Amino acid sequence: MGEDLNKTPFYDMHLINGAKMVPFAGYDMPVQYPLGVMKEHQHTRTKAGLFDVSHMGQVILRGADYASTARALERLIPMDVQGLAEGRQRYGFFTNDAGGILDDLMFANRGDHIFMVVNAACKTADIAHLRAHLEPEIHVKEITNRALLALQGPMAQAVLAEHYPPIVDMKFMDVDTIPIAGAECWVSRSGYTGEDGFEISIPQAAAETVAAALADHADVEWIGLGARDSLRLEAGLCLYGHDIDTGTTPVEAALTWAIQKSRRAGGSAAGGFPGDTIILDQLAQGASRKRVGLTPQTRAPMREGVALYASEDSSTEIGTITSGGFGPTVGTPVAMGYVDIEMTATGTVLFGEVRGKRLPIQVSPLPHTPSNFKR
Amino acid sequence: MKFTEEHEWLREEDGVIVVGITEHASTQLGDIVFIELPEEGTTVSKDDEIVVIESVKAASDILSPLDGEIVEVNEMLADEPSKVNDDPMGDAWFFKIKPSDPSQMDEYMTEDAYNKLIG
C-alpha cells in the first residue's frame, strides 16, 4: 500500500505525529491520530483542530476581468458569481443536464480572478468539465504547488491572530492574502465542521513551516478524516458521493439556499446553467423527496445505506440514510438521508432496518449541533 | 486465560467461560459507542455472530468462541459502551457462556502465544 498513492506535503508530519494513514481519493491520508476520533472531534469543537486538506483541488479561473470570468462560470453553476463582492467566497456546485450535482465547491472573488476549491475525488473531472465548457479566453489553472490546511474551532482565530492580528476583522466567508510564518497564504474564513475557522492555502515550500507554526500552539491538535466526517455530519454538511451526487438535485438535497435570487426565475441572470429547467421547476413545484436530518431513537448508529420505512411492518421503502454514525458532541447517533416528501416534517418517526430489525429514527432539524460561524 | 485469533479473551469461572475482547482489539476499534449483546438463555454455536460492536468508525461482529448457552450478559455495556475502551480485560466483559463441549477451549492460545500474534 502507498506505492501508487499521492502524498501531501504534510505526509512526513502525519507519520511523526503518529497518524494512522488510509487511502482516500488517491491520496495516503491521516484517518486519525493517537488522540482518536472521539477526542479529535471534541477538541475541534472546544479548541482548534488542524486538518490536512491538501488532497482537495485548488483551481484558478482567469479571464479578461472578474466580470467576464464570473459570467462564464455562471454557465456551469447555479450561483450568483457576478454579484459576489471582491474578497468574498460562496458555496456552490456544478450541475449536470439532469439537474444532478457533479461536485460541490467553494469559489471566491479574488479581484481579477476566481479561486475555487473542489473535492479531491472529482478534481480531474471538474477541471476537464471547466476546460470543455468555458470559452478559451478563460484560463483554467490547477494549482499544484500549494498545500491546503483547515484550522477549525473556537480557538482558531486566536491561534492565527498570534501570526497576523488583523485576522480578527475577517468575517465568515471573507477571503484574503495574509502572511503566516513568513509565507504568503490565501486564507478564507470558512471550513466544513460547523465551527468558526479558516482554510489556508500555502506555498508548498513553506507548507511544513506554516503547519508547524500552527500545530505547535498548545490549543491545536492534528485532526484526521474520521473526525472530519463526524464533525461535518453533525453540522449537517453534505459529503459528495454520499449525500449528493449526479442522481440528486439541489432541491432534493435541500441546498436551495445556495442558489441566489439572480439565478432563479425572474432573476437578473435566471437559468442558463446545466439542468436549469429541471432545477427551476423543482424550485417552484418542490421535489418528490428531500434530504433531512435524522436522529436514531436508540443507541444503535444507523449508517449509510440503511433503508427507511414508515412503520415497523411496512414493506415499502420510503427513504435511505446517506450518512450516519455517532455524533460525539450530540452524544447520540446522528444521520441524514433522503425521505419521501410526505414524511419530511420534523418529528416524524420512521423506522430504519439495522441487521434485520426495525428501529425508530426521527426526522430532525439540521444541523444536529448549532453552527458557530463568525457572521 | 485463553485467547482467540479474533482477539477475544476467555476466562473460566465456576464452570462457565467469561468472554471479552483484548486491550489490543479495543485500541484497534477506537472509541466504542454501541454494543448489542445476545439474550440470556440463547443457545449459540461456535462462530455465530452474537455481539455487535460499533465504534465511531464502523460496526464489527464478535463471534461466539464456543458452542453453548449464554448464561449472563454484561448489561452495563448497553449504557456505557465506552467501558470497553477503559477496561476491556476486566469490568467490560461481554457475556458468560456455559460450554457444551469444554474441550473446545483447548484449541485457543495462551497469553504468550497471543502476545506473539499481535507482535
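1. Helix H4 of chain A (residues 123–133) lies across strands E4, E5, E6, E7 and E8 of chain A. Among these strands, E6(A) covers 101–109. Against E8(A), the helix runs at about 165°. The model is a predicted one, and the points below should be read with that in mind.

2. The strands beneath that topic form an open sheet. There are five of them in chain A, in the order E5-E6-E7-E4-E8, and the pairing is antiparallel. Strand E5 (89–95) and strand E8 (139–142) of chain A hold the edges. Each has a single partner strand, so one side of each has no neighbour in the sheet. On average, neighbouring strands of this sheet are turned by 30° against each other, direction ignored.

3. Within the chain A sheet, look at the pair E4(A) and E7(A). Strand E4 spans residues 57–62 and strand E7 spans residues 114–118 of chain A. The two run antiparallel and are joined by five bridges. One register point is easy to check: Gln58(A) has Val117(A), in E7(A), as its bridge partner.

4. Chain B has an open sheet too. It consists of three strands in the order E4-E6-E7 (chain B), with antiparallel pairing. The edges are strand E4 (32–36) and strand E7 (59–63) of chain B, each of which pairs on one side only. The twist from one strand to the next averages 25°.

5. Which strand pairs with E7(B) over five bridges? Strand E6 of chain B, residues 49–55, does so, in the antiparallel sense. For the register here, Val52(B) stands opposite Asp61(B) in E7(B).

6. On confidence in chain B: the mean pLDDT is 95, and 100% of the residues score at least 70. The lowest confidence in chain B falls in E7(B), with a mean of 92. The highest is in strand E8 of chain B (residues 68–73), at 98. The strand with the lowest value, E7(B), is also an edge strand of the sheet in point 4.

7. Now a helix pair in chain A. Helix H2 (residues 37–46) packs on helix H7 (residues 225–234) of chain A at an angle of about 55°, and the axes are 8 Å apart. H2(A) and H7(A) therefore count as oblique to each other. The crossing of H2(A) past H7(A) is right-handed.

8. What makes up that helix contact? From H2(A) come Val37(A), Glu40(A), His41(A), Thr44(A) and Arg45(A). They meet Gly226(A), Ala227(A), Ser230(A), Leu231(A) and Glu234(A) in H7(A). By type, the residues of the contact divide into three nonpolar, four polar and three charged.

9. Two backbone details deserve a look. Most residues other than glycine have a negative phi, and most peptide bonds are trans. Ala25(A) has a positive phi, near 50°. Ala25(A) sits in the loop between strand E1 (20–24) and strand E2 (27–32) of chain A.

10. Is the peptide bond that joins Leu366(A) and Pro367(A) cis or trans? The bond is cis, with omega about -5°. Pro367(A) lies in the segment after strand E19 (357–364) of chain A.

Methods. Residues are numbered from 1 along each chain as its sequence is written. Chains are lettered from A and ligands numbered from 1 in the order in which they are written. This is a predicted model: local features need pLDDT of at least 70, side-chain atom pairs count only at pLDDT 80 or more; totals for chains, interfaces and linings use all residues. Side-chain values use heavy atoms; hydrogens and water are left out. Two strands pair if DSSP finds at least two bridges between them. Helices (H or I, at least four residues) and strands (E, at least two) are DSSP runs, numbered from the N terminus. Axes are lines fitted to C-alpha atoms, for helices over the stretch in contact, and angles run from 0 to 180 degrees between N-to-C directions. Contact means heavy atoms within 4.5 Å. pLDDT is the predictor's confidence in each residue, from 0 to 100. Angles under 35 degrees count as roughly parallel, over 145 as roughly antiparallel, 65 to 115 as roughly perpendicular and the rest as oblique. A crossing is left-handed if the near helix is turned anticlockwise from the far one by less than a right angle, and right-handed if clockwise. Ala, Val, Leu, Ile, Met, Phe, Trp, Tyr, Cys and Pro count as nonpolar, Asp, Glu, Lys and Arg as charged, and the others, Gly among them, as polar.
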